[in-house]
Amino acid sequence: MNSQVRRPNHLRVLIIGAVVGFAIGGFFGVYRGIEAQSDRVAQGSYSTSSAVGYLGLLGALVFGLLAAGVSVLFEVLSERRNR
């Protein structure tokens, strides 16, 4: 039997999670900008580009951490199974 255990590439998973999170956060920022243009814009609200940046970074952080957690969980379960 093959004694080598295939381990996940944590950096790759983290980067993919961050990119997906930024894309989702950016989408919500653009959607918020479209919604704000249809209504009255309240004084002190963020511009669309600022909303895309802030929500994109927040999404990258959340999804990156979530992806890293899932990757570590898979590695622990894989090691436990291969004992």
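**Entry 1: Phe74**

I started at Phe74, which sits in helix H2. The model is a predicted one, and I kept that in mind throughout. Is Phe74 buried or exposed? I looked up its relative accessibility and found 53%. Exposed means over 50%, so Phe74 counts as exposed. Next I checked Phe74 against Arg7. The two are 67 residues apart in sequence. In space, their C-alpha atoms are 8.8 Å apart.

**Entry 2: Glu75**

I moved on to Glu75, which also has its place in helix H2, residues 48–81. What is its relative accessibility? I read 18% for Glu75. The cut-off for buried is under 20%, so Glu75 counts as buried. I noted that Phe74 is exposed, whereas Glu75 is buried. Then I asked which residues Glu75 contacts, leaving aside its neighbours within four places in sequence. I found Arg7, Pro8 and His10. Arg7 had already come up in my distance check from Phe74.

**Entry 3: helix H2 as a whole**

I then took H2 from end to end. How many residues does it have? I counted 34 in H2, and it reaches 48 Å from its first C-alpha to its last. That is close to the 50 Å expected at 1.5 Å a residue. I listed the buried residues of H2 next: Ala51, Gly56, Gly59, Ala60, Gly64, Ala67, Ser71, Glu75 and Ser78. I wrote a reminder beside that list. An α-helix has 3.6 residues a turn, so residues three or four places apart point the same way.

**Entry 4: Gly17**

I crossed to helix H1, residues 10–38, where Gly17 is found. Its relative accessibility is 9%, so Gly17 counts as buried. Which residues does Gly17 contact, beyond its neighbours within four places in sequence? I found Phe63, Gly64 and Ala67. Gly64 and Ala67 were already on my list of buried residues in H2. I looked up the distance from Gly17 to Gly64 as well. They are 47 residues apart in sequence, but their C-alpha atoms are 4.4 Å apart.

**Entry 5: the whole chain**

I finished with the chain totals. The secondary structure comes to two helices and zero strands. Of the 83 residues in the chain, 18% are buried. I also looked at contacts with a separation of 6 or more. Residues 24 or more positions apart account for 73% of them. Last came the accessible surface, about 6,700 Å² for the chain. Carbon and sulfur atoms hold 65% of that surface.

Definitions and conventions: Residues are numbered from 1 along each chain as its sequence is written. This is a predicted model: local features need pLDDT of at least 70, side-chain atom pairs count only at pLDDT 80 or more; totals for chains, interfaces and linings use all residues. Side-chain values use heavy atoms; hydrogens and water are left out. Helices (H or I, at least four residues) and strands (E, at least two) are DSSP runs, numbered from the N terminus. Buried means under 20% relative accessible area, exposed over 50%, partly exposed in between (1.4 Å probe, protein chains only). Contact means heavy atoms within 4.5 Å. Accessible areas come from the Shrake-Rupley method with a 1.4 Å probe; for residues, only the protein chains shown count as cover. The expected span of a helix is 1.5 Å times one less than its number of residues.
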